[in-house]
Amino acid sequence: MPVKLEQIVFSILMISSGVFSQEKTGKASSIWDQEALLGDWGGVRSAFFEKGYEFNFEYTAEVFSNVSGGGKTGNVYNGLGYASVGIDAEKILDWSGVNFHFATLWTHGVSPGQYTGNELAVSNIDAYDGLRLHEFYIEKEFEKLNLKIGNLLADEDFVGSVYREVLINDAFGQTASWSANTLNGGPAFNAPGLGLHLRYDISKAVYMQAGIYDGDVFDDANGDPAINQHGTHFELGNGQGWTSLYQIGYNGFNVSDGKDLPGWYRLGAWHHTSEFEKHDGAKTDGNAGIFASIDKLVFREQDEQGLGLFGRMGAAKRDRSRFHWTMETGMNYKGLIPGRDEDVTSLGYIYGKHSHEIATVKSHESVLELTYLYQVSPAVYIQPDIQWINRPSGDNAVGDAWAIGLRVGFTF
């Protein structure tokens, strides 16, 4: 039986109904003032933290409906469960500057892409279903040098943003100029890769970093995600090659006095050593690309409230890449509505230019997204979202899609 959108939305809102009822009556229970809905576990959580163990549990639920255009209309539900533990080895083992991190991921639901038919994925939690071992690594601080070794997410280190991350479309996270042009998306959500990451802080604001990772996090050149569905299949070599990333940046937010208008500027590059096929069918070694990003606060209302702008451009080798170049830009306002200081309003635009050699009907795909994150409490948010998708998959014979969604996030 097909699931109706109104049934899904009603279920999500029922989860949050207690929050709204408390706001309306003005009699908020202390649970809604907590950073986590489960609180301190009767003092157990803080006791573990003092000993060096930090636990984190999150769940994100969303519904999306393609109301017109694209492949066909329809509704989907997606869920993402996340659990992690951080271990401070200095407290436990007296290992100075050493930390361990372990995480698991539970992804389930249906991809909105089966209805919208686009490549710039509607949702950044859209992933192959499964309960999987996620990140695990050891981290060591050497004054200005930071080293991580283990199963790593390169996007966590190289594509972060102050203002893009509230947007839901996946291409506002990992740039499609990298993810669409490398082997199986690279070491990023939801499939980390074995690797090593180095970061050197030249000053509090200036840094440079590099990482090298497993060339195929799926361990299947044909892109079958079932082979490494649970994150426990590790294979290096056998023609998979290696992927590496490099970046230099200046992060003015790290040295902001809380009254200025800081910016974050960075230039990065990626390279993959495996064999790729050119659009003319010839085989070639490797693919590579560059990307540059900026986040800039342009108006400060007070504290962190105000208007920020973001932009990013990326390019890859045209003769073997799906997208020759991509661009994302937009704005983000925290506290736009009086009395809603923690809410975030964001508008973003993505343009992905396909390589000329793909086909004559292929040209570009673009997305315009408007979203509003309503911070119900420190542990709960509700986020309506709307996306206009122009030329899904770059096919001008397909009508523009309209995807309307609602996301709810919980920290436990």
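Select Asp94 to begin: this residue is exposed, with a relative accessible area of 64%, where exposed means over 50%, buried under 20% and partly exposed in between, for a 1.4 Å probe and protein chains only. Asp94 sits in the loop between helix H3 (89-93) and strand S3 (98-109), helices (H or I, at least four residues) and strands (E, at least two) being DSSP runs numbered from the N terminus. Its phi is near 60°, a positive value in a residue other than glycine.

A note on the model belongs here. This is a predicted model, in which local features need pLDDT of at least 70 and side-chain atom pairs count only at pLDDT 80 or more, while totals for chains, interfaces and linings use all residues. Residues are numbered from 1 along each chain as its sequence is written, and side-chain values use heavy atoms, with hydrogens and water left out.

Next, select the loop between H6 and S6, where Asn184 is found; phi of Asn184 is near 55°, again positive in a residue other than glycine. Asn190 has its place in the loop between helix H6 (176-179) and strand S6 (193-201), and the peptide bond from Phe189 to Asn190 is cis, with omega near 5°.

Keep Asn184 selected and add Asp126, Asp170, Gly185 and Phe218, since these five are the closest to the centre of the second largest pocket among the 30 residues that line it. A pocket is an open set of points on a 1 Å grid over the protein atoms alone, with protein on both sides within 12 Å along at least five of seven lines, and lining residues have an atom within 4 Å of a point. The volume of this pocket is about 840 Å³, taken as the space filled by probe spheres set on the points, which are joined across faces, edges and corners.

Now select Phe64, Leu120 and Ile350, which touch the most other members of the 23-residue largest nonpolar core, a set of buried Ala, Val, Leu, Ile, Met, Phe, Trp, Tyr and Cys residues joined through side-chain atoms within 4.5 Å. Strands S13 (344-354), S14 (364-377), S15 (380-390) and S16 (401-411) are the elements that give two or more residues to this core.

Finish at Asp285, in strand S10 (residues 283-302), which is exposed, with a relative accessible area of 64%. Leaving aside neighbours within four places in sequence, Asp285 is in contact with Ser274 and Arg320, contact meaning heavy atoms within 4.5 Å.

Notes:
1 Å grid on protein atoms, 1.4 Å probe; cavity = no way out; pocket = protein on both sides within 12 Å on 5 of 7 lines; lining within 4 Å.
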